[in-house]
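Please walk through this structure with the sequence at hand, beginning with the confidence of the model and moving from there to its charged pairs, its aromatic rings and its strands.

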Amino acid sequence: MVGTIKQQLYVTGIPKGLTMTVTALNLLPPDPPKDWRATLYDSAERERFAPFTIDPSVNQGYVGEVKMYGAHAFPSNSLGARLEILWKLTGTPTGRVGDADSEVTTDPANDTVVHPPLKPEGSDPGDQAPPTVDPNDPDVWATQLDQLGPADPRAEEPARSGRFIVETTEWGLIQRPDYVAVVYQVGSATPLRVVSKVAATIIDQPEDALFVIGVNTNTQEIGINGVQDKVVSDTLVSYLIQGIFLCA
């Protein structure tokens, strides 16, 4: 056994009036049953089962912890299992996040926030071994972004459904993967990744993945931003409070 990778997921902002529900948890290939597992757990270390709702005001919008690991002592070299988390939004946006009495308003000339830069190459100074793969190379991931269809092909536009896919680069016979990623997508929009370096030690874990969801009240278009920095996440939530639409 080469250890367990634990990826924490949070949805820290959802427009007021909308409810987010996780509708399905799907184990995606490559997933040899005898070799690999990817399972979602809650804060009490209990396995989560869909459906369940996500509330940013409860436990900071904690979705759960995805644990990825080999199911026996010497699993074969592989990309391991991937966990797909499907979700949907229901309801009608009625006000700014955190403001029960205000209608959402946007400045048409300045109602879009550009997706913040991510940190795919970032690594902790304590890492003991350099990575052996480039996380920007699409071939190191099982999920090919340019081949990923909409989370729910039957959904009408503007989309109110989406997905997260948690995955890693290749596991070695006795080595942990170099990187873990969370793919995120709304409807048929272009999917994106939040990427974290995996430390060489089995104690250290990837950075948390934080997501903020916004709605353009003029078009009803859903936007989602994924970050790893709590300060950036809080800034994006503050944009929602101001009624500013966030685009992916």
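Over which residues does the pLDDT stay under 50, and how many contacts beyond four places in sequence does the model have for them? The stretch is residues 97-127, and the model has 73 such contacts for these residues. A second stretch with pLDDT below 50 covers residues 241-245, which have 23 contacts in the model beyond near neighbours in sequence. Since this is a predicted model, these values belong at the start of any reading: the protein averages a pLDDT of 77, and 71% of the residues score at least 70. Among the elements of the protein, the lowest mean pLDDT, 37, falls to strand 7 (residues 112-113), whereas the highest, 96, falls to strand 4 (residues 52-54).

The charged side chains come next. Side chains of opposite charge can pair when their charged atoms come close. In this model the count comes to five salt bridges. One of them links Glu84 with Arg163, whose closest N and O atoms are 2.9 Å apart. Glu84 belongs to strand 6 (residues 82-95) and Arg163 to strand 8 (residues 161-168), so this pair ties together parts that lie 79 residues apart in sequence. Both Glu84 and Arg163 are buried, and for Arg163 the relative accessibility is 7%.

The surroundings of Arg163 hold further polar partners. Its side chain reaches the backbone oxygen of Gly149 at 2.7 Å, and a polar contact of 2.5 Å joins it to the side chain of Gln185. When neighbours within four places in sequence are left aside, the residues in contact with Arg163 include Glu84, Trp87, Leu148, Gly149, Tyr184 and Gln185.

Strand 8 also contributes Glu167, whose side chain meets that of Arg193 in a salt bridge with an N to O distance of 3.2 Å. Because Glu167 lies in strand 8 and Arg193 in strand 10 (residues 192-197), the pair ties together parts that are 26 residues apart in sequence. Glu167 and Arg193 are both buried. Elsewhere, salt bridges that share partners join Glu45, Glu65 and Lys67 into one network. Within this network the side chains of Glu65 and Lys67 meet at 4.0 Å, N to O; Glu65 is buried with a relative accessible area of 7%, and Lys67 is buried as well, with a relative accessible area of 14%.

Glu65 appears again around Gln7, a residue of strand 1 (residues 4-13). Gln7 is buried, its relative accessible area being 1%, and its side chain reaches the backbone oxygen of Glu207 at 2.9 Å. Beyond its neighbours within four places in sequence, Gln7 is in contact with residues including Gly64, Glu65, Val66, Val166, Val180, Glu207 and Ala209.

The aromatic rings offer another view of how distant parts of the sequence meet. A pair of aromatic rings is described by the distance of the centres and the angle of the planes. There are five aromatic pairs in this model. Trp36 and Trp171 form a tilted one, 5.2 Å centre to centre with 50° between the planes. Trp36 lies in strand 3 (residues 36-41), and Trp171 in the loop between strand 8 and strand 9 (179-186), so the pair ties together parts that are 135 residues apart in sequence. Trp36 counts as buried at 1% relative accessibility, and Trp171 is buried with a relative accessible area of 1%.

The rings of Trp87 and Phe164 have centres 6.3 Å apart and planes at 40°, so this pair is tilted. As Trp87 lies in strand 6 and Phe164 in strand 8, the pair ties together parts that are 77 residues apart in sequence. At 1% relative accessibility Trp87 counts as buried, and Phe164 counts as buried at 1%. Trp87 and Phe164 form one aromatic cluster with Tyr184 and Phe211.

Finally, strand 11 (residues 209-216) and strand 12 run antiparallel and are joined by seven bridges, one of which pairs Gly214 with Gly223 in strand 12. The two strands form a hairpin with four residues between them, and Gln220 in the turn has a positive phi of about 65°. Six of the seven residues of strand 12 (residues 221-227) are buried, so this strand is largely enclosed by the rest of the structure.

Technical notes: Residues numbered from 1 in each chain as written. Predicted model: local features only at pLDDT ≥ 70, side-chain atom pairs only at ≥ 80, totals over all residues. Heavy atoms only, no water. Buried < 20%, exposed > 50% of the residue type's maximum accessible area, 1.4 Å probe, protein only. Pairing = 2+ DSSP bridges. pLDDT = per-residue confidence, 0-100. Contact = heavy atoms within 4.5 Å. Polar contact = N/O pair within 3.5 Å; in protein donor to acceptor, adjacent residues only side chain to side chain. Phe/Tyr/Trp six-rings, centres within 6.5 Å; stacked < 30°, edge-to-face > 60°.
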